[in-house]
Structures are given as C-alpha cells and as structure tokens.
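Reader: I would like to go through this model feature by feature. Please give the general idea each time, and then the case at hand.

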Amino acid sequence: MSQESRPRRDRPVDGHLTRRLAQLYGGLALYGSSSALLVRSGLGLEPWNVLHEGLADLTGLSMGLVITVAGAFVLLSWIPLRQRPGLGTVSNVLVIGATMDATLALVPEAGSLAVRVPLMASGIVLNGAATGLYIAARFGPGPRDGLMTGLHVRTGHSVRLVRTVIEATVTASGFALGGTVGAGTLLYAVSIGPLAQLFLRVFALPAASGPDPGVATARSRRAILRG
C-alpha cells in the first residue's frame with residue numbers, strides 16, 4: 001500500500017501547542033468556575049459534584065479541596081485498569097478544584113429565583129464550553145472520564161451503560177450525604193452532551209497527519225461524549 005493510500009490519523013500541528021495549552025488550562029479553569037455557579041444557584045449539581053458537595057458537608061473541607069482529593073483517588077483506580085494519564089489528566093485534578101474554591105469565594109449565594117435560574121443556565125452552558133475547550137486540546141481525559149472508559153474496556157459493557165451506572169451511583173451517594181439534586185441536575189444531564197459536541201466543533205484545532213503520542217484519541221473523545 002502506498003503512503004498516499006494509507007488512512008490518515010489526524011493530530012493538532014506542532015505550531016498550535018501554545019493554543020492547545022491555553023485551551024487546556026482555560027477550559028479547566030472555566031469548568032471549575034461554571035461548576036461553582038451551579039453550586040451558587042442551589043438548583044442542582046452535575047452528578048459528580050452532588051457527591052463532592054455531600055463529602056464536603058460531611059468532612060467540613062471546601063468543595064474544591066474535596067474535588068482535588070477525590071480526583072487523585074479516582075486517578076489511582078486507573079492503575080488496575082491500565083489507563084495512562086496525560087498532562088490534561090493531572091492538570092484536571094489540580095486546576096478545577098482550586099478554580100471552584102476561588103469562584104465560590106467571589107460569587108455570593110443567590111437569594112431570589114430570578115438570580116438562581118440565570119446562574120444555573122450560565123453554569124450549564126459555560127460548563128459545556130469548558131468541556132469542549134479542554135477535550136479539543138487533546139492532552140488526555142480527566143480522571144473520571146478515564147475511569148469510565150477504562151471500565152468500558154475491561155468489562156466489555158457499553159460506554160453509555162458504564163457512564164449511567166457510575167453517575168447514578170455517585171448521584172445517589174451524594175444525595176444521601178446531603179448533596180444538592182434538583183432541576184439543574186436533570187437539565188445538565190440532558191444538555192451537556194449536545195453542548196459539549198457543539199463547542200468541540202467551535203474549538204477544534206487544525207489537524208496534521210500522523211500520530212500524536214500521549215493525548216486522547218478521536219475514539220476516546222467520542223466515548224466521553226456518547227455517555
């Protein structure tokens with residue numbers, strides 16, 4: 001088979017490394033900030049943060065610190081799953097929790113529904129934009145996404161089933177611990193996939209042929225969004 005007839009594997013060109021890093025860290029910071037807006041709305045959190053909020057109430061730690069510690073523990077679960085972390089994986093653990101705590105310190109709790117609803121809507125849309133930003137940078141999945149894809153590979157079950165079981169489990173556990181479940185939780189569940197897919201197209205990087213070692217593949221990117 002000639003070189004011209006071989007299938008091409010696309011990756012961001014080297015000249016876009018600065019943009020990729022900006023997307024990675026900008027996306028992770030925006031993710032933490034947007035999640036903080038959902039906390040301040042009081043109308044329901046995304047599934048993992050229902051658990052994080054419940055653990056924060058139980059331990060007395062800040063929610064951002066709980067996110068960081070929980071992310072580190074989830075990352076340890078990658079070892080038996082034989083998942084390989086990337087720069088984006090480690091950065092996810094370190095950046096999101098710190099940014100959430102910083103935003104929570106700046107944004108006061110909302111009182112009226114007229115303020116809480118826009119906070120919830122803004123949090124969900126910005127969370128979708130953040131997801132598109134950092135996944136499109138292709139530096140590797142976050143620890144919780146890696147847990148999902150690792151279990152998918154090891155168990156043979158569909159990504160949708162694995163993700164549903166994980167998120168139902170963490171939501172129920174967090175709710176039992178006092179985490180907030182509400183309209184925002186449901187709205188997030190039905191809208192985050194389409195929003196992330198939209199923003200992945202918006203923030204997509206120009207591609208060049210050849211493998212890109214150490215970053216998430218197109219297959220893993222689709223797997224994250226399919227759930």
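Reader: How many helices and strands are there in the protein?

Author: First, a caution: this is a predicted model. The protein has ten helices and two strands. Read from the N terminus, the order of elements is β-α-α-α-α-α-α-α-α-α-β-α.

Reader: What percentage of the residues count as buried?

Author: A residue is called buried when its relative accessible area is under 20%. Of the 227 residues of the protein, 47% meet that condition. The surface that the protein exposes comes to about 11300 Å², and carbon and sulfur atoms supply 65% of it.

Reader: What share of the contacts comes from residues 24 or more positions apart?

Author: Among contacts in the protein with a separation of 6 or more, residues 24 or more positions apart account for 85%.

Reader: Which residues touch the most other members of the largest nonpolar core?

Author: The general idea is that in soluble globular proteins, nonpolar side chains tend to be buried together. Here the largest nonpolar core has 31 residues, and M63 and M100 touch the most other members. Two or more residues of this core come from each of helix 1, helix 2 (47–59), helix 3 (63–76), helix 5 (87–106), helix 6 and helix 9 (183–202). Helix 6 gives the most, with seven residues.

Reader: Which residues does M100 touch, not counting those up to four places away in sequence?

Author: M100 touches G32, S35, A36, V39, N49, M63, G64 and I67. Apart from the largest core, a second, separate core has eleven residues, among them W78, L147, M148 and I166.

Reader: How many aromatic pairs does the structure hold?

Author: Two. To read such a pair, take the distance between ring centres and then the angle between planes: under 30 degrees is stacked, over 60 is edge-to-face. For Y31 and Y134, the ring centres are 6.2 Å apart and the planes stand at 75 degrees, so this pair is edge-to-face. Y31 belongs to helix 1 (residues 17–41) and Y134 to helix 6 (residues 113–136); the two are 103 residues apart, and their pair links distant parts of the chain. Y31 counts as buried because its relative accessibility is 16%, and Y134 counts as buried at 7%.

Reader: Is the pair of F199 and F203 stacked or edge-to-face?

Author: The centres of these rings, F199 and F203, lie 6.0 Å apart with planes at 15 degrees, so the pair is stacked. F199 is buried, with a relative accessible area of 16%, whereas F203 counts as partly exposed at 21% relative accessibility.

Reader: Where does the charged end of R20 sit?

Author: For a charge over a ring, look at the distance from the ring centre and the position over its face. The charged end of R20 is placed over the ring of F139, 4.2 Å from the centre. In another case, R144 lies over the face of W48, at 5.4 Å from the ring centre.

Reader: Which residue forms a salt bridge with E167?

Author: The test for a salt bridge is a side-chain nitrogen of Lys or Arg within 4 Å of a carboxyl oxygen of Asp or Glu. By this rule the count is one salt bridge. The partner of E167 is R163, and the closest N and O atoms are 3.0 Å apart. Both E167 and R163 lie in helix 8 (residues 159–176), four residues apart, which is about one turn of the helix. E167 is partly exposed, with a relative accessible area of 23%, while R163 is buried at 16%.

Reader: Is T185 buried or exposed?

Author: T185, found in helix 9, is buried, with a relative accessible area of 9%. Neighbours within four places in sequence aside, T185 is in contact with L43, G44, L45 and T180.

Reader: How far apart in space are R154 and P80?

Author: Sequence separation and spatial distance are read side by side. R154 and P80 are 74 residues apart in sequence, with a C-alpha to C-alpha distance of 9.8 Å. R154 lies in helix 7 (residues 143–155) and counts as partly exposed at 46% relative accessibility. Leaving aside neighbours within four places in sequence, R154 is in contact with P80, L81 and R82.

Note on methods: Residues numbered from 1 in each chain as written. Predicted model: local features only at pLDDT ≥ 70, side-chain atom pairs only at ≥ 80, totals over all residues. Heavy atoms only, no water. Phe/Tyr/Trp six-rings, centres within 6.5 Å; stacked < 30°, edge-to-face > 60°. Buried < 20%, exposed > 50% of the residue type's maximum accessible area, 1.4 Å probe, protein only. Lys NZ or Arg CZ within 6 Å of the ring centre and 35° of its normal. Core = buried A, V, L, I, M, F, W, Y, C linked by side-chain atoms within 4.5 Å. Contact = heavy atoms within 4.5 Å. Areas by Shrake-Rupley, 256 points an atom, 1.4 Å probe, with all protein chains shown as cover.
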